[in-house]
Amino acid sequence: MENGAAPTAKPVIVAIDGPSGTGKSSTSKAVAAQLGLSYLDTGAQYRAITWWMVDNGIDLADPVAIADVAGKPEIISGTDPSAPTITVDGVDVAGPIRTQEVTSKVSAVSAVPEVRARITELQRTLATGAEKGIVVEGRDIGTTVLPDADLKIFLTASAEARAARRSGELKGADVQATREALIKRDAADSSRKTSPLAKAGDAVEVDTTELTLAQVIECVVTLVEEKRAGK
Ligand SMILES: Nc1ncnc2c1ncn2[C@@H]1O[C@H](COP(=O)(O)OP(=O)(O)O)[C@@H](O)[C@H]1O
Ligand SMILES: Nc1ccn([C@H]2C[C@H](O)[C@@H](COP(=O)(O)OP(=O)(O)O)O2)c(=O)n1
């Protein structure tokens, strides 16, 4: 380069989708941190709007009631992979969005088209604003939110492995009950009409059942580097 400045890398957009417990959050955070990219947990956004609906006594059996207030809460995601944050109307909800109550209700709220339209817009704004690029994880990122992502990954794992991982996180959780709850949530997320959980046609599928987290991270970092090198 004439002025001696290093060439600036084009921002890279990575979409990571898959069912619960496949390793999306842990992998995405680590890949983003290693590569100096931003990180967005879109499940946390759907959990945050669900938390707000519960807190405000909205009837979650009524999709019209959900749709009517979908535009009300202000949801802000901090995208630093070493310290991701999530607030609703200025309140830190990182803890409250992980309760069993929110987990059991998030599929109903996230199936409402007005909720998805609102959250999808936030996601696209964050992705296009990320200076160095971003790793965005969820269920419909490669198919709907960012169909032009540079790299799309679809993580899978057996229901047994996913349940064992999830119940390992929740103190005293029963593996069988955890397995049933996550299969039920996956079925709801995969069968909804608007933007269901699905693998994009051009996504690379990685089965993490027999892989360590470190192996999955290494695999995704290599795929991003190959993309960047134009391979
Ligand atoms: N390949 C793996 N092997 C073993 N445990 C894993 C693996 N990937 C993730 N985990 C663990 O499983 C749990 C769920 O992972 P997480 O990244 O939250 O999945 P997801 O975001 O897909 O629901 C976490 O405790 C994480 O440390
Ligand atoms: N892009 C996304 C991300 C999550 N969701 C919904 C469906 C999921 O069951 C919930 C919670 O997502 P989250 O990624 O936090 O779920 P896990 O904790 O990984 O099981 O949000 C969605 O509809 N679309």
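The legends below describe close-up views of a predicted model.

Local features are given at pLDDT of at least 70 and side-chain atom pairs at pLDDT 80 or more, while totals for chains, interfaces and linings use all residues. Residues are numbered from 1 along each chain as its sequence is written, and chains are lettered from A and ligands numbered from 1 in the order in which they are written.

**View 1. The shell around ligand 1.** Ligand 1 is surrounded by 15 residues, and Gly23, Lys24, Ser25, Ser26 and Arg165 come nearest (a residue is near a molecule if its C-beta atom, placed from the backbone, lies within 6 Å of it). Helix 1 (24-35), helix 7 (159-169) and helix 9 (213-228) each give two or more residues to this shell; helices here are DSSP runs of H or I with at least four residues, and strands are runs of E with at least two, numbered from the N terminus. Helix 1 gives the largest share, three residues. By class the shell holds three nonpolar, nine polar and three charged residues (nonpolar: Ala, Val, Leu, Ile, Met, Phe, Trp, Tyr, Cys and Pro; charged: Asp, Glu, Lys and Arg; polar: the others, Gly among them).

**View 2. The shell around ligand 2.** Around ligand 2 there are 15 residues, the closest being Ser20, Gly43, Tyr46, Ser110 and Gly138. At least two residues come from each of helix 2 (42-55), helix 4 (100-110) and helix 8 (175-191). The largest share, five residues, belongs to helix 2. Four residues of this shell are nonpolar, six polar and five charged.

**View 3. The buried residues of helix 7.** Arg162, Ala163, Arg165 and Ser167 of helix 7 are buried, that is, 20 or more other C-beta atoms lie within 10 Å of their own, with C-beta atoms placed from the backbone. The buried residues of helix 7 pack against helix 8 (contact: C-beta atoms, placed from the backbone, within 7 Å). Arg165 is also among the residues that come nearest to ligand 1.

**View 4. Strand 3 against strand 4.** Strand 3 (residues 75-78) pairs with strand 4 in the antiparallel sense over four bridges; pairing requires at least two DSSP bridges. Six residues form the hairpin connection from strand 3 to strand 4. Ser77 stands opposite Ile86. In strand 4 (residues 85-88), Ile86 and Val88 point to one face and are buried, whereas Thr85 and Thr87 point to the other and are not.

**View 5. Strand 4 against strand 5.** Strand 4 and strand 5 (residues 91-92) run antiparallel and are joined by two bridges. Val88 stands opposite Val91. Two residues lie between the strands in this hairpin, where Asp89 takes a positive phi near 50°.

Notes. Buried ≥ 20, exposed ≤ 12 C-beta atoms within 10 Å, placed from the backbone. Contact = placed C-beta atoms within 7 Å.
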